[in-house]
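This report looks at a ring pair and at a ligand site. The model comes first, then the notes.

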Amino acid sequence: MVWASKDALARARAELGKDEQIRAVIVRMDVTDSRSIDDAHRNVKDRLGAVDVLVNNAAVLLFENDDVLSIPTDGYRRTFDTNVFGVIDVCRPFAPDMVQRRYGRIVNVSSGDGQLAKMSTYAPAYSMSKTALNAFTRILGATYKGMGCW
Ligand SMILES: NC(=O)c1ccc[n+]([C@@H]2O[C@H](COP(=O)([O-])OP(=O)(O)OC[C@H]3O[C@@H](n4cnc5c(N)ncnc54)[C@H](OP(=O)(O)O)[C@@H]3O)[C@@H](O)[C@H]2O)c1
């Protein structure tokens, strides 16, 4: 399970709270745990209402300096669990709400390391996961095009 420290969250909350226009709440979510995602989705809706913008920023960079065939399969799995399947699973509950409201934006934070044209030997598991994330993002965008969402 991955949690940002309570101190870090409180600092971020305090920083946002300085602007009286901003209503900010802290919701903790492990993107590799479907129950945690569902709880966070419910929690956000109950406390803030509809979500206009979802930013999928969470990622891990494992086996950064290892070569492609020396990384254990589990290393690839753990990377994809967070960087790809985590993003897909977080989109599952949030995207339908956006489609229903005919408004929403989903931002998936990728990396230049995921670009096929630039692909080299750096961080194979991370780079491949970001390539897969790019593909998911294109397909998701095509799926909801014209529905007020992108
Ligand atoms: N830094 C760069 O140079 C760079 C370049 C290109 C793209 N990016 C992308 O930008 C994004 C942010 O990168 P960063 O450098 O800020 O990385 P970072 O400091 O390592 O932050 C990653 C965040 O993801 C969270 N996280 C990891 N696994 C999670 C999980 N299972 N559930 C929920 N949260 C989880 C971490 O939480 P904890 O703190 O609790 O571990 C951390 O807060 C990533 O998508 C990264 O791929 C970064």
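## A buried ring

F80 is buried in this predicted model. Its relative accessibility is 18%, and the cut-off for buried is under 20%. F85 has a relative accessible area of 40%. That makes F85 partly exposed, because this class runs between 20% and 50%.

## The aromatic pair

How many aromatic pairs does the structure hold? There is 1. It is formed by the rings of F80 and F85, whose centres lie 6.3 Å apart. Their planes meet at 50°, so the pair counts as tilted. The reasoning is simple: stacked needs planes under 30 degrees apart and edge-to-face needs over 60, so an angle that fits neither is tilted.

## Around the ligand

The ligand has 17 residues around it. Which of them come nearest? They are D30, V31, N57, Y126 and K130. By class, the shell holds 10 nonpolar residues, 5 polar and 2 charged.

## Backbone contacts and cover

Backbone N or O atoms of several residues approach the ligand. For V31, such an atom lies 3.0 Å from a ligand nitrogen. For N57, the partner is a ligand oxygen, at 2.8 Å. A59 also places a backbone N or O atom by an oxygen of the ligand, at 3.4 Å.

How much of the ligand does the protein cover? On its own, the ligand has 880 Å² of accessible area. The protein covers 53% of that.

Terms used
Residues numbered from 1 in each chain as written. Predicted model: local features only at pLDDT ≥ 70, side-chain atom pairs only at ≥ 80, totals over all residues. Heavy atoms only, no water. Phe/Tyr/Trp six-rings, centres within 6.5 Å; stacked < 30°, edge-to-face > 60°. Buried < 20%, exposed > 50% of the residue type's maximum accessible area, 1.4 Å probe, protein only. Near = heavy atom within 4 Å. Polar contact = N/O pair within 3.5 Å; in protein donor to acceptor, adjacent residues only side chain to side chain. Areas by Shrake-Rupley, 256 points an atom, 1.4 Å probe, with all protein chains shown as cover. Nonpolar A, V, L, I, M, F, W, Y, C, P; charged D, E, K, R; others polar.
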